[in-house]
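Please walk through this protein with the sequence and the model side by side. The text goes from a sheet and a hairpin to charged side chains.

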Amino acid sequence: MAIPPVSMGPSALGQSGPGSMAPWCSVSSGPTRYVLGMQELFRGHSKTREFPAHSAKVHSVAWSCDGRRLASGSFDKTASVFLLEKDRLVKENNYRGHGDSVDQLCWHPSNPDLFVTASGDKTIRIWDVRTTKCIATVNTKGENINICWSPDGQTIAVGNKDDVVTFIDAKTHRSKAEEQFKFEVNEISWNNDNNMFFLTNGNGCINILSYPELKPVQSINAHPSNCICIKFDPMGKYFATGSADALVSLWDVDELVCVRCFSRLDWPVRTLSFSHDGKMLASASEDHFIDIAEVETGDKLWEVQCESPTFTVAWHPKRPLLAFACDDKDGKYDSSREAGTVKLFGLPNDS
């Protein structure tokens, strides 16, 4: 296996200490038992199925914490929710109300019935799948593009196009705090312990704030170009960032050092997802495949073929199933193809 190029990676200067690139990259001695086992599984479960979801492209997909439902948000101003049945997604409902594109959505971390959507219409909406109704509409100051729910379920953070992040009380639906940033805010996330808040920015940095104080803790020069996305692994050991330099970097949560880079994509990394056991990392871009890597070695475990750029990926919280959505409509492809589909990889080949 080729060594990932350190010069392209985080902090090419090779300083050690918190927030810098480790001066080595691990080279593994052949595939691990985990990789061999998962490759064997995917050889029999390499099927991807498409499910009609929306009338326009899908921006975001996310699983409920119990894995029973998948939600999708779309340019068509709606959200859809599917039930996962044996080897397929069955559309349960379409959620209307937003006046503009639904750019991102996420579920409550421990209540499988609630999800929240962020829209360009300057609102967020909280929905309940039991009543299929919007239980709250919260007005915000700008066009919302990213959203996350705190691990303790108490707070929703939403970021807008003007780089303002608003913290909303999930019970009272009122704003608790608001922060205007002087840099381009891309993706936002709490750490698993709920005591730090992370932002990726347009200068390639990861900014870390204490929570709930929202005081700067550290700024890490993670990438030489725009740092686009961030995800924490469910085990609390690592987080990963994806960048416009086409690299995915994996960081030790406690030490805040980069432990390895994944460099198989050629285009800006738009979306990341860790598997439920924290052992696989899916990353996607405008490349026509989704890279699935083993986290501990960086080795390629599988790749999922797709015919167009991928906007969003999400591993199921209990099973090796990957939901994703691509830019279906594009002049380069067959324009008769249905726009707005949600895709599911990892299904049995004979299903």
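What follows covers strand pairing, salt bridges and one buried acid.

This is a predicted model, in which local features need pLDDT of at least 70 and side-chain atom pairs count only at pLDDT 80 or more, while totals for chains, interfaces and linings use all residues. Residues are numbered from 1 along each chain as its sequence is written, and side-chain values use heavy atoms, with hydrogens and water left out.

Helices (H or I, at least four residues) and strands (E, at least two) are DSSP runs numbered from the N terminus, and two strands pair if DSSP finds at least two bridges between them. An open sheet is built from four strands in the order β22-β23-β24-β25, with antiparallel pairing. β22 (271-274) and β25 (300-305) stand at the edges with a single partner strand each, so one side of each has no neighbour in the sheet. On average, neighbouring strands of this sheet are turned by 20 degrees against each other, direction ignored. Four bridges hold the antiparallel pair of β22 and β23 (residues 280-284); Leu272 has Ser283 in β23 as its bridge partner. Helix α1 (residues 33-44) packs on the sheet and touches β23, β24 (289-294) and β25, its direction making about 25 degrees with that of β25. Contact here means heavy atoms within 4.5 Å; axes are lines fitted to C-alpha atoms, for helices over the stretch in contact, and angles run from 0 to 180 degrees between N-to-C directions.

A hairpin is found in β12 (residues 164-169) and β13 (residues 175-180), which run antiparallel and are joined by five bridges. Val164 has Gln180 in β13 as its bridge partner. Five residues lie between the two strands of the hairpin, where His173 takes a positive phi near 65 degrees.

The structure holds 13 salt bridges, each a side-chain nitrogen of Lys or Arg within 4 Å of a carboxyl oxygen of Asp or Glu. In one of them Arg43 joins Glu40, the closest N and O atoms being 3.1 Å apart. The two are three residues apart in helix α1, and therefore separated by about one helical turn. Another links Lys300 and Glu303 at 3.0 Å, N to O.

Which side chain of opposite charge is nearest to Asp245? The nearest is Arg270, 13 Å away, and Asp245 is buried yet has no salt bridge. Buried means under 20% relative accessible area, exposed over 50%, and partly exposed in between (1.4 Å probe, protein chains only); Lys and Arg count as positive and Asp and Glu as negative, with His and the chain ends not counted. The side chain of Asp245 reaches the backbone nitrogen of Leu247 at 2.9 Å.

Note on methods
Polar contact = N/O pair within 3.5 Å; in protein donor to acceptor, adjacent residues only side chain to side chain.
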